[in-house]
Amino acid sequence: MITGFPSPAQGYEDHGFDLNTHYIKHPASTIFMTVTSSNYTHMGIYCGDLLIIDRAKKLTPNSLVIYEKEGAFVIGRLFSINEQTVVTGAITHVIHTVKEK
């Protein structure tokens with residue numbers, strides 16, 4: 001037996017927000033890296049930021065990518081690196097932690 005009135009909020013329940021659905025297009029080809037250098041502040045990327053990198057994304061000359069240089073990972077635009085360089089993947093998103101002073 002049902003008693004009382006139905007909730008006026010029925011049908012408007014919060015279904016949550018799934019970051020994977022919004023930020024990851026190729027789950028099997030997506031990796032994460034934490035920035036450990038302050039060399040990229042001119043790009044808006046700071047030490048401690050989390051990078052979402054898609055290894056399956058089609059690259060364009062202006063793609064922001066992670067590549068290997070002298071045994072370290074480096075951030076740069078595809079057009080500015082050597083053709084023989086090993087590109088790890090394209091940076092699709094940067095998650096920046098807001099720091100309080």
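Visitor: Which residues line the largest pocket?
Guide: In this predicted model, the lining of the largest pocket includes a run of neighbours in the numbering and several residues from further along the chain. The full set is M33, T34, V35, T36, S37, N39, Y40, L51, I66, F73, V74 and I75.

Visitor: Which element gives the largest share of that lining?
Guide: Two elements give two or more residues to the lining of the largest pocket, β1 (30-34) and β4 (72-77). The largest share is three residues, and the element they come from is β4.

Visitor: How many residues of each class are in the lining, and what is the volume of the largest pocket?
Guide: By class, the lining has eight nonpolar and four polar residues, and no charged ones. The volume of the largest pocket is about 180 Å³.

Visitor: Is Y67 buried or exposed?
Guide: Y67 lies in strand β3, residues 64-69. Its relative accessible area is 11%. The limit for a buried residue is under 20%, so Y67 is buried.

Visitor: What distance separates the C-alpha atoms of Y67 and G89?
Guide: Along the chain, Y67 and G89 are 22 residues apart. In space, their C-alpha atoms are separated by 7.4 Å.

Visitor: Is E70 buried or exposed?
Guide: E70 lies in the loop between β3 and β4. Phi of E70 is near 50°, a positive value in a residue other than glycine. The relative accessible area of E70 is 78%, and the cut-off is over 50%, so E70 is exposed.

Visitor: Where is N62, and what is its relative accessible area?
Guide: N62 is found in the loop between β2 (50-54) and β3. N62 counts as partly exposed because its relative accessible area falls between the limits of 20% and 50%. The value is 48%.

Visitor: What distance separates the C-alpha atoms of N62 and Q10?
Guide: N62 and Q10 are 52 residues apart along the chain. The separation of their C-alpha atoms is 47 Å.

Visitor: Which residues make the nonpolar surface patch of about 330 Å²?
Guide: One member, Y23, has its place in helix α1, residues 19-23. At 34% relative accessibility, Y23 counts as partly exposed. A residue needs over 30% to be part of a patch, so Y23 can be included. The patch is made by F17, L19 and Y23.

Key:
Residues are numbered from 1 along each chain as its sequence is written. This is a predicted model: local features need pLDDT of at least 70, side-chain atom pairs count only at pLDDT 80 or more; totals for chains, interfaces and linings use all residues. Side-chain values use heavy atoms; hydrogens and water are left out. On a 1 Å grid over the protein atoms alone, a cavity is a set of points where a 1.4 Å probe fits but cannot get out, and a pocket is an open set with protein on both sides within 12 Å along at least five of seven lines; lining residues have an atom within 4 Å of a point. Grid points are joined across faces, edges and corners, and a volume is the space filled by probe spheres set on the points. Helices (H or I, at least four residues) and strands (E, at least two) are DSSP runs, numbered from the N terminus. Ala, Val, Leu, Ile, Met, Phe, Trp, Tyr, Cys and Pro count as nonpolar, Asp, Glu, Lys and Arg as charged, and the others, Gly among them, as polar. Patches are made of residues with over 30% relative accessible area and no salt bridge: like charges are joined within 9 Å, nonpolar side chains (Val, Leu, Ile, Met, Phe, Trp, Tyr) within 5 Å. Accessible areas come from the Shrake-Rupley method with a 1.4 Å probe; for residues, only the protein chains shown count as cover. A salt bridge is a side-chain nitrogen of Lys or Arg within 4 Å of a carboxyl oxygen of Asp or Glu. Buried means under 20% relative accessible area, exposed over 50%, partly exposed in between (1.4 Å probe, protein chains only).
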